[in-house]
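User: I have a model open and would like to understand the labels people put on it. Could you take me through a few?

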Amino acid sequence: ATVFAGRRSICLGKTLENIMENDREIGGISGTSDKIKRVREMVAKFSMEAEPVLLIGETGVGKSHTAELLHRYSGRKGKFEVAEITTINENLFESTMFGYKKGAFTDAKTDRKGLVQEAEGGTLFIDEVSEVPASFQGKLLRFIETQKYRVLGEPFERKADVRIVAATNRDLQQSIENGEFREDLYYRLHVLEIHIPPLRERKEDIKSFI
C-alpha cells in the first residue's frame, strides 16, 4: 500500500507539472492565483480517478478546457467526445447519445454510432448537463451507474467503458427544487466537483491573458 501511494504521489506531481508547463494552451485555467492553482491541483488529482466529475462555473471560465485536461492526463486510450446538449433536438437525444440500427425509425437508413460508443475507452464530456431533457435523465443515470446502454433498434444491451465529465453554469440544486433535474442524477454526477472561478474573482491572473 505504501509503495502504491508513493507511485501515485509521483504520478500526481508529474501530472501537475505537465499542466503547469502547458499553461498557455489551457485557456481558462491558466494563472498564478491560489484559486486557479487549486483548480489545477484538482485536475491533476481527479484525472486519475474513474468517477464522474462535475465542472461548475460561468460561461467562458474554461470548463471545456478543463474537461480536455482531465481526459488528457487520465491515461485513457479512447477518444474525448463532446455532447453539446443545447444543440441536440430532444427527439433525437437518445439516438445521438446511444446510436441506432438501420430501420430503427423512419429516417434510419443506415447504422449510426452514438457518442457513447465513439467515446469507448475514453471520456464523454456532457456540456450544459442541466439541459439534458427530463425524458432522458433516467437513462443517463442508469448508464452512469451500470455503463450499460441500448442502441435504438437492438434487442440487447451493450456495455461501454466511458468516463463521464459534465459541466454546468446553472445552480443544479435550484433546478432540482424546480423539478427540472433529477436529484439522484445530480448526486451521481457530483461525486467529484471542480468549481472554476471567473477572472474577476482572481484579478492577479489577468496578466496571464495579456
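Analyst: Happy to, beginning with Glu81, which is found in strand S2 (residues 80-84); strands are DSSP runs of E, at least two residues, numbered from the N terminus. This is a predicted model, where local features need pLDDT of at least 70, side-chain atom pairs count only at pLDDT 80 or more, and totals for chains, interfaces and linings use all residues. Residues are numbered from 1 along each chain as its sequence is written, and side-chain values use heavy atoms, with hydrogens and water left out.

User: Why is Glu81 called buried?

Analyst: Its relative accessible area is 15%, and buried means under 20% (exposed is over 50%, partly exposed in between; 1.4 Å probe, protein chains only). Glu81 is therefore buried.

User: What is Glu81 in contact with, leaving aside its neighbours within four places in sequence?

Analyst: Leu115, Glu118, Ala119, Thr123, Leu124 and Phe125; contact means heavy atoms within 4.5 Å.

User: How do you know that the span of helix H6 agrees with its length?

Analyst: Helices are DSSP runs of H or I, at least four residues. The expected span is 1.5 Å times one less than the number of residues, so the 13 residues of H6 (134-146) should span 18 Å, and the end C-alpha atoms are 19 Å apart, which agrees.

User: Which residues of H6 are buried, and what puts them on the same side?

Analyst: They are Phe136, Gln137, Leu140, Leu141, Phe143 and Ile144. They cover an arc of only 165° around the axis, which puts them on the same side of H6; the arc uses directions from the helix axis to the C-beta atoms. Exposed Ser135 and Glu145 sit on the face turned away from that buried side.
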